[in-house]
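Subject: Structure handover

Hello,

Here is the structure I promised to pass on. Please open it beside this email and follow along.

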Amino acid sequence: MLELVLLIVQLSVLVAAAYAGRTKLKRLLAEAQTNGEAELDEPLEGDMSEVDRSILRLLAERQGVMYQSEIVKELGLPKSTVHKALRRLSESGFVEIQKRGRLNVVILKRATSEASAT
């Protein structure tokens, strides 16, 4: 009788371990797929909008540092358009946005071939 109880306990531990391993494996696969999708979502230079290219060109001309408000004035674009474009460029690693009080300083991190060619 004791052997039967031990066998049941061992089997239940084995099933629990298999379930936990399966759950962990599912989570790891989901994370890997999410990371792969994030890499695919990064815009390639050819996929950039004209606004993104204009901002990168302007930053390259200005030694890579400008206030966000200067970009808005120079390009004559709405604040919201520039904000969204800078967020995309920041997420893609092209620029870094630093808060300085109430102002945003935009720093060029990596230029595209188009921005550095002009």
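One definition comes first: a residue is buried under 20% relative accessible area, exposed over 50%, and partly exposed in between. Arg57 shows how this works: it is partly exposed, because its relative accessible area is 21%. Please keep in mind that this is a predicted model.

**Confidence**

The mean pLDDT of the protein is 81. Of its residues, 71% reach 70 or more. One stretch needs care. Over residues 36-43, pLDDT stays under 50. For that stretch the model has four contacts beyond four places in sequence.

**Overall layout**

The protein has five helices and three strands. Along the sequence they follow the pattern α-α-β-α-α-β-β-α. There are 118 residues, and buried ones make up 22% of them. The protein exposes about 8,600 Å². Carbon and sulfur atoms supply 58% of that area. Now take the contacts between residues at least 6 apart in sequence. Of these, 50% join residues at least 24 apart.

**The strands**

Start with strand β3, residues 103-108. Which strands pair with β3? Strand β1, residues 65-67, pairs with β3 over three bridges. Strand β2, residues 95-100, pairs with β3 over six bridges. The pairing of β1 and β3 is antiparallel, and so is the pairing of β2 and β3.

You can find some facing residues by eye. From β1, look at Tyr67, which stands opposite Val105 in β3. Lys99 stands opposite Asn104 in β3. Arg100 stands opposite Leu103 in β3.

Strands β2 and β3 form a hairpin, with two residues between the strands. In this hairpin Gly101 takes a positive phi near 65°.

A positive phi also turns up at Gln63. The value there is about 60°, although Gln63 is not a glycine. Gln63 lies in the loop between α2 (50-61) and β1. Is Gln63 buried or exposed? Gln63 is exposed, because its relative accessible area of 71% is over the 50% cut-off.

**The salt bridges**

The count comes to four salt bridges. Three of them are described here, and Glu50 takes part in two.

How far apart are the N and O atoms in the salt bridge of Glu50 and Arg53? They are 3.6 Å apart. Glu50 and Arg53 are three residues apart in helix α2, so about one helical turn separates them. Glu50 is partly exposed, at 46% relative accessible area. Arg53 is buried, at 15%.

Glu50 has a second partner, Arg57. The side chains of Arg57 and Glu50 meet in a salt bridge at 3.2 Å, N to O. Recall that Arg57 has a relative accessible area of 21%, so it counts as partly exposed.

Next, look at Arg88 and Asp52. Their side chains meet in a salt bridge at 2.8 Å, N to O. This pair links distant parts of the chain. Arg88 is in helix α4, residues 79-91, and Asp52 is in helix α2. They are 36 residues apart. Is each partner buried or partly exposed? Arg88 is partly exposed, with a relative accessible area of 37%. Asp52 counts as buried, because its relative accessibility is 4%. Back at Glu50, salt bridges that share partners join Glu50, Arg53 and Arg57 into one network.

**The nonpolar patch**

Last, look at the start of the chain. A nonpolar patch lies on the surface there, and Met1, Leu2, Leu4 and Val5 are among its members. Leu6, Leu7, Ile8 and Val9 also belong to the patch. So do Leu11, Val13 and Leu14. Together the patch residues have about 1,100 Å² of accessible area.

Where does Leu11 sit? Leu11 is in helix α1, residues 2-41. Leu11 is partly exposed, because its relative accessible area of 47% falls between the two cut-offs.

Best wishes

How values were computed:
Residues numbered from 1 in each chain as written. Predicted model: local features only at pLDDT ≥ 70, side-chain atom pairs only at ≥ 80, totals over all residues. Heavy atoms only, no water. Pairing = 2+ DSSP bridges. Helix = DSSP H or I, 4+ residues; strand = E, 2+ residues; numbered from the N terminus. Patch = residues over 30% accessible without salt bridge, like charges linked within 9 Å, V, L, I, M, F, W, Y side chains within 5 Å. Areas by Shrake-Rupley, 256 points an atom, 1.4 Å probe, with all protein chains shown as cover. Buried < 20%, exposed > 50% of the residue type's maximum accessible area, 1.4 Å probe, protein only. pLDDT = per-residue confidence, 0-100. Contact = heavy atoms within 4.5 Å.
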